[in-house]
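Q: I am new to reading protein models, and I would like a close look at a single part of this one. Could you take me through a pair of neighbouring strands and then show me how the surroundings connect to that pair?

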Amino acid sequence: MDNYTADQVINGVDGECWIDGAKMAEVSEFEAVIKMVYTDIPLAHKLQKGKKLTGEEHTGKLHLFHVSDIIAKKVVEKLKQRKCPIFTVNGKVEDPDSLGTTRVSLFDVKLDEVPLLKWERTAVGEFDINFTFGDYDLEPIG
């Protein structure tokens with residue numbers, strides 16, 4: 001992009017998240033990251049090593065206000081059946097002043113952990129859920 005105005009920078013106030021098709025209004029932060037994995041390659045006649053792309057690592061984080069226990073309930077139900085809880089997570093961010101909308105779909109989402117109960121006197125209930133994911137689709141702006 002050659003240039004932009006301050007109003008075109010996306011504000012996350014209109015960000016949305018769905019887990020297995022259910023809208024999760026209590027999600028206040030959504031992050032999905034692809035980390036490239038490189039293998040060092042010794043190069044002839046050079047002191048530095050080259051880098052060869054040999055994989056990807058997919059991680060993410062949701063920050064939620066503790067409004068319900070729907071995620072914990074789904075996880076516990078699967079674990080009691082000795083099955084791996086797997087989800088599909090969709091996220092969207094748009095801002096009326098920005099240049100468009102970004103959407104992402106994450107498949108084969110596996111949670112690292114899920115809190116069963118967490119509270120602190122005089123504190124607002126909130127927690128993070130870290131996860132990994134398999135395949136993904138991205139609909140970027142422009």
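A: Let us begin with the hairpin that β5 and β6 form, which has six residues between the two strands, and keep in mind throughout that the model is a predicted one. In the turn of this hairpin sits Gly 100, whose phi is positive, at about 160°. The two arms of the hairpin are strand β5, covering residues 87-94, and strand β6, covering residues 101-111, and they pair in the antiparallel sense over seven bridges. Two of the facing positions are useful landmarks: Glu 94 stands opposite Thr 101 in β6, while Lys 92 has Arg 103 in β6 as its bridge partner.

The loop between β5 and β6 also holds Leu 99. This leucine is partly exposed, its relative accessible area being 46%. Together with Met 1, Tyr 4 and Val 9, Leu 99 makes a nonpolar surface patch of about 490 Å².

From the hairpin we can move outwards, taking the β5 side to begin with. Strand β1, which spans residues 16-19, pairs with β5 in the antiparallel sense, and four bridges join them. Within that pairing, Trp 18 is found opposite Asn 90 in β5.

On the β6 side there are two further partners to follow. One of them is strand β8 (residues 136-139), which pairs with β6 in the antiparallel sense over four bridges, and here Leu 106 stands opposite Tyr 136 in β8. Another is strand β7 (residues 126-132), which runs antiparallel to β6 and is joined to it by two bridges; in this case Leu 111 faces Phe 131 in β7.

Now let us return to Lys 92 and look at its side chain. Which residue of β1 does Lys 92 of β5 tie to? The side chain of Lys 92 meets that of Glu 16 in a salt bridge, with 2.9 Å from N to O. Because Lys 92 lies in strand β5 and Glu 16 in strand β1, this pair ties together parts that are 76 residues apart in sequence. Lys 92 is buried, with a relative accessible area of 14%, whereas Glu 16 counts as partly exposed at 22% relative accessibility.

Lys 92 also has a salt bridge to the side chain of Glu 94, where the N to O distance is 3.2 Å. Glu 94, which we met opposite Thr 101, counts as partly exposed, at 31% relative accessibility. Salt bridges that share partners join Glu 16, Lys 23, Lys 92 and Glu 94 into one network.

In the whole model the count of salt bridges comes to seven, and one that involves other strands is worth following as well. Glu 29 forms a salt bridge with Lys 61, and their closest N and O atoms are 3.2 Å apart. Since Glu 29 lies in strand β3 (residues 27-42) and Lys 61 in strand β4 (residues 49-65), this pair ties together parts that are 32 residues apart in sequence. Both ends of the bridge are described in the same careful way: Glu 29 is partly exposed, with a relative accessible area of 33%, and Lys 61 is partly exposed too, with a relative accessible area of 22%.

Having looked at contacts between charges, we can ask about cysteines. How many disulfides does the model contain? The count comes to zero. Cys 17 is in no disulfide, and the nearest cysteine sulfur, that of Cys 84, is 18 Å away. A disulfide is a covalent bond between the sulfur atoms of two cysteines. The 18 Å between the sulfur of Cys 84 and the closest cysteine sulfur, in Cys 17, is therefore too far for a bond. The two cysteines also have separate surroundings to note, for Cys 17 is buried, with a relative accessible area of 3%, and Cys 84 is partly exposed, with a relative accessible area of 44%.

A last stop is helix α1, which covers residues 70-80 and in which Ile 71, Ala 72 and Val 75 are buried. Seen down the axis of α1, its buried residues fall within an arc of 95°, so they line one face of the helix. An α-helix has 3.6 residues a turn, so residues three or four places apart point the same way. On the face of α1 that is turned away from its buried side, the exposed residues Lys 73 and Lys 80 are found.

Notes
Residues numbered from 1 in each chain as written. Predicted model: local features only at pLDDT ≥ 70, side-chain atom pairs only at ≥ 80, totals over all residues. Heavy atoms only, no water. Pairing = 2+ DSSP bridges. Patch = residues over 30% accessible without salt bridge, like charges linked within 9 Å, V, L, I, M, F, W, Y side chains within 5 Å. Areas by Shrake-Rupley, 256 points an atom, 1.4 Å probe, with all protein chains shown as cover. Salt bridge = Lys/Arg side-chain N within 4 Å of Asp/Glu carboxyl O. Buried < 20%, exposed > 50% of the residue type's maximum accessible area, 1.4 Å probe, protein only. Disulfide = S-S within 2.5 Å. Arc of directions from axis to C-beta.
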